Amino acid sequence: MSAYFYAVLTALTWGCVPLIEKMGLVKLPPLVGLFYRCLGVIAGIVLLLLFKGKDIRASMAELHTGMLFLVLGGFLASVVGQLFFYHSLKHGEASKVVPLAATYPLVSFLLGVILLGEKVTAVKVGGLLCILAGVFLLK
């Protein structure tokens, strides 16, 4: 399957999840919500290990420096960022909070250009302008 097909599945999945999480946060503080979300992640990992464990163990046989970046990314996205997101979702409207939080491609683009030397193209700039216009309109 193509990368774009998986990207569409990602968007559909991630588009539904904040609504489910907002319903879950109605009577819970964000930190408790994050704890329960992490339980869901652990359950998912256990299922993956049960069905794909051999493939995963083979990949983990050789430790490498990329692991540090992945652990840091997991911590920042799944703990720090998710906690910030839950605070905003609990106290704001999902229809406004989610699009604003979804401006992370703008941050990724800027950091990619600055830190990774990625190229600035007219298409990328056009996409970023669309992101900013969408956030402005929803504000």
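Let's start with a cysteine: Cys 38 is partly exposed, with a relative accessible area of 28%. Cys 16 falls in that class too, at 45% relative accessibility. This is a predicted model, and it holds zero disulfides.

**A salt bridge between two helices**

How many salt bridges does a search of the whole structure find? The search turns up one. Its partners are Arg 37 and Glu 21, whose closest N and O atoms are 2.7 Å apart. The pair links distant parts of the chain, 16 residues apart: Arg 37 belongs to helix H2 (residues 30–60), and Glu 21 to helix H1 (residues 3–24). Is each partner buried or exposed? Glu 21 is buried, with a relative accessible area of 12%. That value is under 20%, which means it meets the cut-off for a buried residue. Arg 37, at 29% relative accessibility, counts as partly exposed.

**Aromatic pairs**

A search of the whole structure finds three aromatic pairs. One of them joins Phe 5 and Tyr 6: the ring centres are 6.1 Å apart and the planes meet at 65°, so the pair is edge-to-face. Phe 35 and Tyr 36 also form an edge-to-face pair, with 5.5 Å from centre to centre and 65° between the planes.

Here is how accessible some of these aromatic residues are:

| Residue | Relative accessible area | Class |
|---|---|---|
| Phe 5 | 38% | partly exposed |
| Tyr 6 | 45% | partly exposed |
| Tyr 36 | 47% | partly exposed |

Tyr 36 counts as partly exposed because its 47% lies between the cut-offs of 20% and 50%.

**The largest nonpolar core**

Now for the interior. Which residues make up the largest nonpolar core? There are seven in all: Leu 25, Leu 34, Phe 85, Tyr 86, Leu 89, Ala 94 and Val 97. Two elements give two or more residues to this core, namely helix H3 (66–91) and helix H4 (94–101). Of the elements, H3 gives the most, with three residues.

Leu 34, one of the core residues, is a good place to look at contacts. Leaving aside residues up to four places away in sequence, Leu 34 touches Ser 78, Val 79, Gln 82, Leu 83 and Tyr 86. Among these partners, Tyr 86 is itself a member of the core.

Technical notes: Residues numbered from 1 in each chain as written. Predicted model: local features only at pLDDT ≥ 70, side-chain atom pairs only at ≥ 80, totals over all residues. Heavy atoms only, no water. Phe/Tyr/Trp six-rings, centres within 6.5 Å; stacked < 30°, edge-to-face > 60°. Buried < 20%, exposed > 50% of the residue type's maximum accessible area, 1.4 Å probe, protein only. Core = buried A, V, L, I, M, F, W, Y, C linked by side-chain atoms within 4.5 Å. Helix = DSSP H or I, 4+ residues; strand = E, 2+ residues; numbered from the N terminus. Contact = heavy atoms within 4.5 Å. Salt bridge = Lys/Arg side-chain N within 4 Å of Asp/Glu carboxyl O. Disulfide = S-S within 2.5 Å.
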